[in-house]
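Welcome, and please have a look at the structure shown here. We will go through its surface, its interior and some of its charged pairs.

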Amino acid sequence: MLQTGIDSHFSAPRHHIPAELLLDYAVGRLAEPWSLVVACHLSLCPECRDEMRRLEALGGAALDRAEAQPLRRPMPATLPPRQNAAKAETAAAVAGRDTRLPAPLRKYLPDGLDQARWRWVGSGLRSLPLPVASKSGGMVSLLKIAPGQGMPVHSHGGEEMTLVLCGGFSDERGEFRRGDVEIADDGVEHQPVAMPDEPCICLAVTDAPLRFAGRFGWIFNQWARFTA
């Protein structure tokens, strides 16, 4: 499980990770791309961290009730508490790093957002694929939308989970700002538009290419297939 770190220097998110996904994350059932988004959201969301603690407590109680089984090999004498390890990792990561990036994301962008090599996708739109193999269960990238600009109208060939890192966007389903998560499936068609005050930077994971509509949709569909 990816460690979350904690970011407390902004208002709490309003759009959260569903409980079933938190449970999958807690027991290690999520592939790295999805686990990364959940870990980043947890670092930004006190409410979901509380829910994670509740789920872990329930899991611990279930283990206490389970019949003990002998271990095939001895465990180490002591194991460092996960919380203390997370605090130490977070403290080391924050020093001299881009604080706009949640702690779990910093190892993928060691030089921060300002040094990122964005790819031009369209007017006001840039993307940055992250080094997470698609065979691990999803395609991961950062998206940067210029203030007041929008993505083309699109639907989805599968599942998509988007976490706002900077700025914010709105679409047919609501308004999303730092820490908020939007989850879309093949029944959702929308057009995210960045807020007018600053660029919107998001972390997005999908398990299938997007399906773009409109006059220039075919161009973006070619791009989506090329980058899949």
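A residue counts as buried when its relative accessible area is under 20%, as exposed when that area is over 50%, and as partly exposed in between. With a relative accessible area of 31%, D185 is therefore partly exposed. Please keep in mind that this is a predicted model.

**On the surface**

Where along the chain does D185 lie? You will find D185 in the loop that runs between β8 (181-184) and β9 (193-194). D185 also belongs to a negative surface patch, which it forms together with E159, D186 and D207.

**In the interior**

In soluble globular proteins, nonpolar side chains tend to be buried together. Here, the largest nonpolar core has 35 residues. Which of its members touch the most other members? They are L105, L142, M161, L165 and L203. Helices and strands both contribute: α1 (19-26), α2 (32-44), α3 (46-65), β3 (139-145), β5 (160-166) and β10 (200-206) each give two or more residues to this core. The biggest share comes from α2, which gives seven residues.

**Charged pairs**

How many salt bridges does the structure hold? There are seven salt bridges, and the table shows some of them, with the distance between the closest N and O atoms.

| Salt bridge | N to O distance |
|---|---|
| D24 and R29 | 2.7 Å |
| E51 and R54 | 2.7 Å |
| D98 and R100 | 2.8 Å |

Let us take these pairs in turn. In the pair of D24 and R29, the two side chains meet in a salt bridge. R29 has a relative accessible area of 56%, so it counts as exposed.

The pair of E51 and R54 sits within one helix: both residues lie in α3, three residues apart, which is about one turn of the helix. Are these two residues buried or partly exposed? R54 is partly exposed because its relative accessibility is 42%, and E51 is partly exposed as well, with a relative accessible area of 21%.

The pair of D98 and R100 brings in another residue, as D98, R100 and D114 are linked in a network of salt bridges. Why does D98 count as buried? Its relative accessible area is 15%, and the cut-off for buried is under 20%. R100, at 30% relative accessibility, counts as partly exposed. This salt bridge therefore joins a buried residue, D98, to a partly exposed one, R100.

Terms used: Residues numbered from 1 in each chain as written. Predicted model: local features only at pLDDT ≥ 70, side-chain atom pairs only at ≥ 80, totals over all residues. Heavy atoms only, no water. Patch = residues over 30% accessible without salt bridge, like charges linked within 9 Å, V, L, I, M, F, W, Y side chains within 5 Å. Areas by Shrake-Rupley, 256 points an atom, 1.4 Å probe, with all protein chains shown as cover. Salt bridge = Lys/Arg side-chain N within 4 Å of Asp/Glu carboxyl O. Lys, Arg positive; Asp, Glu negative; His and termini not counted. Charge placed at Lys NZ, Arg CZ, Asp CG, Glu CD. Helix = DSSP H or I, 4+ residues; strand = E, 2+ residues; numbered from the N terminus. Buried < 20%, exposed > 50% of the residue type's maximum accessible area, 1.4 Å probe, protein only. Core = buried A, V, L, I, M, F, W, Y, C linked by side-chain atoms within 4.5 Å.
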